Protein chains: 2
Amino acid sequence: MLLNPRPDPAPSAHDRVYRGLRGRIMHGELAPGLALTLRGIGAEFDVSMTPAREAVRRLSAEGALTISSSGRVSTPELSNERIEELVALRALLEVELASRALPRAHIALIERLQSINSRIAEDIARQDAVAYIRRNLEFHRTLYLRAQTPAMLAMAETVWLQLGPTMRALYGRLRRKDPPHYHRLIISALKAGDEPGLRLAVRSDVTQGLRMLVT
Amino acid sequence: MLLNPRPDPAPSAHDRVYRGLRGRIMHGELAPGLALTLRGIGAEFDVSMTPAREAVRRLSAEGALTISSSGRVSTPELSNERIEELVALRALLEVELASRALPRAHIALIERLQSINSRIAEDIARQDAVAYIRRNLEFHRTLYLRAQTPAMLAMAETVWLQLGPTMRALYGRLRRKDPPHYHRLIISALKAGDEPGLRLAVRSDVTQGLRMLVT
DNA sequence: TGGCGGGTTTCGTGATCACAAAAGAGGAAT
DNA sequence: ATTCCTCTTTTGTGATCACGAAACCCGCCA
């Protein structure tokens, strides 16, 4: 028996479109309020309208896209109230995820987090907002994977997805020079096995950018 | 200008299908592991396969349906680990929702909750599992609506949706005779403005059924 | 009695098409 | 210069169809 030769020999068309769009939205490559068309998406991924529509509908179910009453598709423009709510959700879910990951966080994981963190510093030096967002989410996901709670992680990723376009608008405006301070606090708390400190550090890291978002 | 005469003159076909299936799943009218077909769904709602497929894909994105590698659609059969995780998510989200609703809970709301609660007692006496589940969720939704946090409420409903078929299997097995004890505790805590008591009561109510679920 | 083939039916996928509604462009009237 | 109207283009919706693969049924063989 071959071990995992290619478990996905023929990925379906709608899944390719879904994954492609999802990545761009989550990583902030699409500005808020950007209009999309089914035919355009289909042409871009070289498929017909049918799989494009399925991908769009799935993404709108996850809050990654909004569909107007007339069916027009666009990236969401979030109100301040909704942004605050989504940040509160991030805090709620991610504090729990970090807390559950803590007892399973070995030294190898911590080293991996430090490695990601140093690459975040490079992205900041390069002023690459998209790479920064992607790497920042990789930092969080790497930690939360250790919680072994896939449904909870999926919910957190759904929140990231909804905040994607808005985060781009934020970090494009923000001229950051230093890597995120609270990431170092998270790593320290992990090393020390300090759960209250970890919860506070994660909450602070998630909440930190909120002040600049609310205009 | 007419005030809200009929803001929805022509509901789209896929939305009708989506809402119909979603209600049945959330209220436990479909057993876990039940197989569905796109053509069957289309025939039932009198539409073609296209809107049926969109509705199914949206529901699978929300975890209300599972799609096998060959594309077959069925209601999910949850493992014990996933059930525990979803119950933990319910506790996390709903405790927060209740806490946010507390300062806005006027007497009219509390009376409405009591009214729903007494109707739950009737459903129990009638041994009507579906009505019981629906009314129980109505109790929780009525409270959480006061939190004025639509994204958070939507996440909680998504969790209910995923647990729908499993809850049916549980409450069908369980021969309950008394209305849920913790609902009375929730109402008492609301009356007293007792936030810690409210959080504990909600958490207990959500967690209570778990013991029987895990075989 | 229990497992194994082979043919048949059923099913999901994705492309295409007709239709209606919405958006956009461009000019005329004020 | 601005508003309004009309014609054209663009867009989403839903039905239909061909195709390939998966599931099913039923009889055969051990």
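## Close-up views of a protein pair on DNA

**View 1. The surroundings of DNA strand C.** A total of 18 residues surround DNA strand C, and the closest are A:Ala13, A:Ser48, B:Arg39, B:Met49 and B:Arg53. Of the strand C atoms that come within 4 Å of the protein, sugar and phosphate account for 67%. Keep in mind while looking at this and every other view that the model is predicted. Sorted by class, the surface near DNA strand C has six nonpolar, seven polar and five charged residues. As for where they sit, at least two residues each come from helix H1 (13-26) and H3 of chain A, and from helix H2 (38-45) and H3 of chain B. H3(B) gives the most to this surface, with three residues.

**View 2. Polar contacts to DNA strand C.** Here we zoom in on single atoms. The side chain of A:Ser48 puts a polar atom 2.5 Å from a phosphate oxygen of DNA strand C. A:His14 also reaches a phosphate oxygen of this strand, with a side-chain N or O atom at 3.2 Å. B:Arg39 goes for a base: a polar atom of its side chain lies 2.9 Å from a base nitrogen of DNA strand C. B:Arg39 is also listed among the closest residues to the strand.

**View 3. The surroundings of DNA strand D.** Now for the other strand in the model. DNA strand D is surrounded by 18 residues, the closest being A:Met49, A:Arg53, A:Arg57, B:Ala13 and B:Ser48. Sugar or phosphate holds 66% of the strand D atoms within 4 Å of the protein, and the rest belong to bases. The surface near DNA strand D divides into six nonpolar, seven polar and five charged residues.

**View 4. Polar contacts to DNA strand D.** B:Ala13 makes its approach through the backbone, where an N or O atom lies 2.6 Å from a phosphate oxygen of DNA strand D. With A:Arg57 it's the side chain, which has an N or O atom 2.9 Å from a phosphate oxygen of the strand. B:His14 uses its side chain too, placing a polar atom 3.3 Å from a phosphate oxygen of DNA strand D. Stepping back to the elements, two or more residues of the surface near this strand come from each of helix H2 (38-45) and H3 of chain A, along with helix H1 (13-26) and helix H3 (49-61) of chain B. H3(A) gives the most, with three residues.

**View 5. The two protein chains and their axis.** Turn chain A by 180 degrees, with 0.0 Å of shift along the axis, and it superposes on chain B with an RMSD of 0.0 Å. That is how a two-fold axis relates two copies. Which residue of chain A has its C-alpha nearest the axis? It's A:Arg58, 2.5 Å away. Every interface residue of chain A (100%) is an interface residue in chain B as well, so the copies meet through the same surface.

**View 6. The interface between chain A and chain B.** Each side puts in its share of the contact, with 25 residues from chain A and 25 residues from chain B. About 2200 Å² is buried between the chains, and carbon and sulfur atoms give 69% of that area. Three residues to pick out are A:Arg57, A:Glu85 and A:Met155, which supply 27% of the area that chain A buries against chain B, more than any other three residues. A:Arg57 has turned up before, among the closest residues to DNA strand D.

**View 7. Polar contacts and salt bridges across the interface.** Between chain A and chain B there are 10 residue pairs in polar contact. On the chain A side, the elements that give two or more residues are helix H3 (49-61), helix H4 (80-101) and helix H7 (150-173). H4(A) has the largest share, nine residues. The class split of this side is 11 nonpolar, five polar and nine charged. How many salt bridges cross the interface? There are four. One salt bridge joins the side chains of B:Glu54 and A:Arg53, at 3.2 Å from N to O. The whole structure has 28 salt bridges over all chains. In another, the side chains of B:Arg57 and A:Glu54 meet at 2.4 Å, N to O. This pair crosses from helix H3 of chain B, home of B:Arg57, to helix H3 of chain A, home of A:Glu54.

Conventions. Residues are numbered from 1 along each chain as its sequence is written. Chains are lettered from A and ligands numbered from 1 in the order in which they are written. This is a predicted model: local features need pLDDT of at least 70, side-chain atom pairs count only at pLDDT 80 or more; totals for chains, interfaces and linings use all residues. Side-chain values use heavy atoms; hydrogens and water are left out. Copies are superposed by least squares on the C-alpha atoms of residues with pLDDT of at least 70 in both. Contact means heavy atoms within 4.5 Å. Buried area is the accessible area (1.4 Å probe) that two parts lose on being put together, summed over both. A polar contact is a pair of N or O atoms within 3.5 Å; within protein, one must be able to donate a hydrogen and the other to accept it, and residues adjacent in sequence count only if both atoms are side-chain atoms. Helices (H or I, at least four residues) and strands (E, at least two) are DSSP runs, numbered from the N terminus. Ala, Val, Leu, Ile, Met, Phe, Trp, Tyr, Cys and Pro count as nonpolar, Asp, Glu, Lys and Arg as charged, and the others, Gly among them, as polar. A residue is near a molecule or strand if one of its heavy atoms lies within 4 Å of it.
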